[in-house]
Amino acid sequence: MRVDLITLFPEYFHAPLRIGPLRKAQEAGSLQVFLHDPAHYADHPKAVDDVPYGGGAGMVMRPEPVVRILRKLPPGGTVIYLSPQGIPLCQKRVEALARKEHLVILSGRYLGLDARVVEAFVDLEVSIGDYILSGGEPAALVLLDAVARLLPGAVGDEASRERDSFTATVGGILAGPVYTRPPVFEGMAVPEVLRGGNHAAIRRFLRKEALRKTLHRRLDLLRKIPLSEADRALIREIAEEEGWSF
Ligand code: SAM
């Protein structure tokens, strides 16, 4: 995958691109990242922003430098603008983006990017949550990391991704708790079933705890998925254990 990142702060990405899945995906040849600074395409160094039409406080990113970059890129990339006004990012969207060959990611600053660029050049506006960042760079990094870890060679054990929350293999719910050694830590023991070799019992336990966590924290996720009869039985068990009715 080719990723072109358009940002007024390219240095923001230097360290993260050398760490973990982002580094590994590049080393494996499944990811190439190019950084582009609109300041280098402005008519003069300070012409990257200007006052907003209509008045009021703040500045707006001017269209020309960004569009000059967009026009020199190879055609066909999916252009994404990180914005709190975008559609919320979710794992399904990340998986769809990971199947693309070329992404162009635009980070805004100030009040945002001139709306005409968004209108004419952007395919997808993406938000990483209902809060305001000072710039699109952290959001671009979130998107890039989530996409990159799905690319070949990005994670050591690719099967481990199938245990992640929101994935189809986990049925779109939260993944539930995990444990490692020691078996007892500060008086807290790892659940007995996980220490035995009964794989059916282990699978049942993990599913039940995943359902329990999702019931407690993200009922919205459970409402979106078709529950199997086995899941329903586990939910009834949880309800009985916890003394609630539905
Ligand atoms: N005035 C804008 C608004 O209310 O929609 C917010 C501008 S924000 C200070 C500057 C830039 O940060 C935005 O253009 C966008 O690129 C990025 N940004 C801020 N919050 C974001 C979020 N939740 N998701 C994605 N990008 C965000």
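Tutor: Two strands count as paired if DSSP finds at least two bridges between them. We will apply that cut-off to this structure, which is a predicted model.

Student: What makes β1 and β2 a pair, and in which direction do they run?

Tutor: Strand β1, residues 2-6, is joined to β2 by 5 bridges. The requirement is at least two bridges, so β1 and β2 pair. The two strands run parallel.

Student: Which residue of β2 is the bridge partner of Ile6?

Tutor: The partner of Ile6 is His36.

Student: What is the order of the strands in the open sheet?

Tutor: The sheet has 5 strands, in the order β2-β1-β6-β5-β7, and the pairing is parallel. Averaged over neighbouring strands and ignoring direction, the turn of one against the next is 30°.

Student: Why are β2 and β7 called edge strands?

Tutor: β2 (32-36) and β7 each pair on one side only, so they are the edges of the sheet.

Student: Which strands each supply at least two residues of the shell around the ligand?

Tutor: β5 (78-88) and β7 (124-127) do. β5 gives the largest share, 5 residues.

Student: Which residues around the ligand come nearest?

Tutor: There are 21 residues around the ligand, and those that come nearest are Tyr81, Leu82, Gln85, Gly108 and Tyr131. By class, the shell holds 11 nonpolar, 9 polar and 1 charged.

Student: How do you know that the backbone of Leu82 makes a polar contact with the ligand?

Tutor: A polar backbone atom of Leu82 is 2.6 Å from an oxygen atom of the ligand. The cut-off for a pair of N or O atoms is 3.5 Å, and 2.6 Å is within that, so the pair is a polar contact.

Student: What puts Gly108 and Ile128 in that category?

Tutor: For Gly108, a backbone N or O atom lies 2.9 Å from an oxygen atom of the ligand. For Ile128, a polar backbone atom is 3.1 Å from a nitrogen atom of the ligand. Both distances are within 3.5 Å, so both pairs are polar contacts.

Student: How much of the ligand does the protein bury?

Tutor: Taken alone, the ligand exposes 580 Å², and the protein buries 85% of that.

Student: Why is Lys100 called partly exposed?

Tutor: Its relative accessible area is 37%. Buried means under 20% and exposed means over 50%, so Lys100, at 37%, is partly exposed.

Student: Where is Lys100 placed?

Tutor: Lys100 is in the loop between α3 (91-98) and β6 (102-107). Lys100 and Val3 are 97 residues apart in sequence, while their C-alpha atoms are 9.9 Å apart in space.

Conventions: Residues numbered from 1 in each chain as written. Predicted model: local features only at pLDDT ≥ 70, side-chain atom pairs only at ≥ 80, totals over all residues. Heavy atoms only, no water. Near = heavy atom within 4 Å. Polar contact = N/O pair within 3.5 Å; in protein donor to acceptor, adjacent residues only side chain to side chain. Areas by Shrake-Rupley, 256 points an atom, 1.4 Å probe, with all protein chains shown as cover. Helix = DSSP H or I, 4+ residues; strand = E, 2+ residues; numbered from the N terminus. Nonpolar A, V, L, I, M, F, W, Y, C, P; charged D, E, K, R; others polar. Axes fitted to C-alpha atoms, helices over the stretch in contact; angles between N-to-C directions. Buried < 20%, exposed > 50% of the residue type's maximum accessible area, 1.4 Å probe, protein only.
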